Amino acid sequence: MGEASDDRVCYVISDLHIGGDEQLEEVAFLDELLEFLSRLEATDEDAELVINGDAFGLWEFTQVEGLRKFDALVDTYPELFEQLRATGENVDITLLPGNHDHELAAYEEYVERFAAYNVDLVQAESLRRAVGDHAVHFEHGHQQDPNNRIEAWGDPNATPLGYYYNTLVTSRAGQLSDRGRYNWLKDVQAVTPTERMPVWLFSKYFYREMNPVLRYALVPFLLLFNVSAVLAVVAGLDLLGVWTTPVDATTAFLGQFGAAGTAVWFLLAVNVAVTGLLLLVGIPLYLLRRDIRQTINRFGVFETDLTVDAEAPYADAAEEIFDDEPRTSVYCYGHTHRPTMQEVDGGLLVNTGTWLKRLHRRDGVIGVLPPVFYPSYQLCAVRIAAEAEGLAVEYEPIQKPSPSPEELTLTERLLTLGRRPDTELPDRRVVADEPGDEPAATEPGQLQ
């Protein structure tokens, strides 16, 4: 290819996570992806599509190995691969491996197989593209994550901590998901950060799997827990003879309502008794847990937290890239599934998000009910193009109906009234040209 032209456009998507065991085969956004690729097939722009890692969930395949995973993908999604072939005849399609599909960097045969569908597989950790007078750095982002960093790039036996989580937990969830009252377990791959997985499992058990009679019997108790905790303290003061007025006043007030007042008094009494017992047991357990954690931290038993800062490592990496390569002004990555854009020293830090479902935690405002994980889609492609004022970066939303009405129980919907997550994508930004800039030396097809 020749030098970069001023009208060169890059479209970037990432974290599709297509494929996996059993229930993970389902691709909820397949129609939207095919429509997006069809649009690029018909565009008259000088465009390139960069698929910036984790296009495929190869870690989640545990029943086939090696290159047979490619065959499984083609057999399962023939429409997708044929559309890639058609789109690739009109625009360049470049595929970078991520951590979930790192195997794409491990076997040379993958390059030829993707080439048959007009996809250029680049078996590198990153690449660089010139767009107008600027250059853009692309990498999936897992190399900045200690839990998923591939120390020996291209080694088919590379197994970071995240590999075990996905082969043992995520793939197993795909095999078991359809056994539940509702096919929800497959969404485990959408739970981020990873440390939220136990809370998410408990939440889905409570709202989806628990016997409805038991759940609705527990809801009043859990909703009244905060009130009961205060009443338990007041009841203790009454028993000690320190302050009897609140209990006497409450008894007298409820006594005016006859049987209904007696029922309310009984419900409060049960709540207070159970809550008081929990407080008596919970306080020493909390102190014991805190001491154990401090001891573990003192000895440094666990050196790496599962939760990785979603922005700081990438901001540091971007600033280093911008410092080493003055023409590079955009650091584009994925991996964390959060579509964000922020200015850092030297340019823009851009995350392309994910095409998977996103789960937004909504903690209860009263009581101790489990949090609700509100589902949404934020499908998007990042468009990077040279314009008169500089390098423009913007998110193009891909419309998909919200899954919340069908995937939330009545209780979850009531608890999240007025608390829906903000799914707006970041606003368009422009990196201004520097006076006297010359076109960046990197060609559109040239690697860093």
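**Exercise 1. The overall picture**

Count the helices and strands in the protein chain, then work out what share of its residues is buried.

*Solution.* Start with the secondary structure: the protein chain has 13 helices and 14 strands. Keep in mind that this is a predicted model. Next comes burial: 49% of the 448 residues count as buried. For the surface, expect about 22,000 Å² of accessible area, with 54% of it belonging to carbon and sulfur atoms. Last, look at the contacts between residues at least 6 apart in sequence: 73% of them join residues at least 24 apart.

**Exercise 2. Two aromatic pairs**

Classify the ring pair of tryptophan 184 and tryptophan 200, then do likewise for tyrosine 314 and tyrosine 333.

*Solution.* There are 19 aromatic pairs to pick from. Take the tryptophans: the ring centres of tryptophan 184 and tryptophan 200 are 5.3 Å apart and the planes meet at 75°, so this pair is edge-to-face. Now place them. Tryptophan 184 is in the loop between helix H5 (161-176) and helix H6 (197-209), while tryptophan 200 is in helix H6, so the pair ties together parts 16 residues apart in sequence. Tryptophan 184 and tryptophan 200 are both buried.

On to the tyrosines. With 4.3 Å centre to centre and 15° between the planes, tyrosine 314 and tyrosine 333 are stacked. Tyrosine 314 belongs to helix H11 (residues 312-324) and tyrosine 333 to strand E7 (residues 328-333), 19 residues apart. Check burial too: tyrosine 314 has a relative accessible area of 0% and tyrosine 333 comes in at 1%. The cut-off for buried is under 20%, so tyrosine 314 and tyrosine 333 both qualify.

**Exercise 3. A charge over a ring**

Which residue lies over the face of tyrosine 182, and how far is it from the ring centre?

*Solution.* Look straight above the ring: arginine 208 lies over the face of tyrosine 182, 4.2 Å from the ring centre. For a second case, go to tyrosine 377, where the charged end of lysine 400 sits over the ring at 5.2 Å from its centre.

**Exercise 4. Helix H5**

Compare the end-to-end distance of H5 with its expected span, then find where H5 bends.

*Solution.* First the span: H5 has 16 residues, and at 1.5 Å a residue they should cover 22 Å. The end C-alpha atoms of H5 are 22 Å apart, so the two agree. Then the bend: H5 turns by about 30° at threonine 167. Threonine 167 is also one of the buried residues of H5, which include Asn166, Thr170 and Ser171.

**Exercise 5. Around glutamate 60**

Is glutamate 60 buried or exposed, and which residues does it touch?

*Solution.* Find it in the loop between strand E2 (46-52) and helix H2 (68-76). Its relative accessibility is 1%, so glutamate 60 counts as buried. Leaving out residues up to four places away in sequence, glutamate 60 touches Gly19, Gly20, Asp21, Leu24, His100, Asn166, Thr170 and Ser171. Asn166, Thr170 and Ser171 are among the buried residues of H5. Finally, measure across to aspartate 101: it is 41 residues away along the chain, with 9.3 Å between the C-alpha atoms.

**Exercise 6. Backbone oddities**

Where is the cis peptide bond, and where do aspartate 15 and glutamate 22 lie?

*Solution.* The bond from threonine 192 to proline 193 is cis, with omega near -5°, and proline 193 is in the loop between H5 and H6. Aspartate 15, not a glycine, has a positive phi of about 55°; glutamate 22 has one of about 45°. Aspartate 15 lies in the loop between strand E1 (8-13) and helix H1 (30-42), and glutamate 22 is in the loop between E1 and H1. As for burial, aspartate 15 is buried at 0%, whereas glutamate 22 is partly exposed at 39%.

Key: Residues are numbered from 1 along each chain as its sequence is written. This is a predicted model: local features need pLDDT of at least 70, side-chain atom pairs count only at pLDDT 80 or more; totals for chains, interfaces and linings use all residues. Side-chain values use heavy atoms; hydrogens and water are left out. Rings of Phe, Tyr and Trp (its six-membered ring) pair if their centres lie within 6.5 Å; planes under 30 degrees apart count as stacked, over 60 as edge-to-face and the rest as tilted. Helices (H or I, at least four residues) and strands (E, at least two) are DSSP runs, numbered from the N terminus. Buried means under 20% relative accessible area, exposed over 50%, partly exposed in between (1.4 Å probe, protein chains only). A charge sits over a ring if NZ of Lys or CZ of Arg is within 6 Å of the ring centre and within 35 degrees of the ring normal. Contact means heavy atoms within 4.5 Å. Accessible areas come from the Shrake-Rupley method with a 1.4 Å probe; for residues, only the protein chains shown count as cover. The expected span of a helix is 1.5 Å times one less than its number of residues. The bend at a residue is the angle between axes fitted to the seven residues ending there and the seven starting there.
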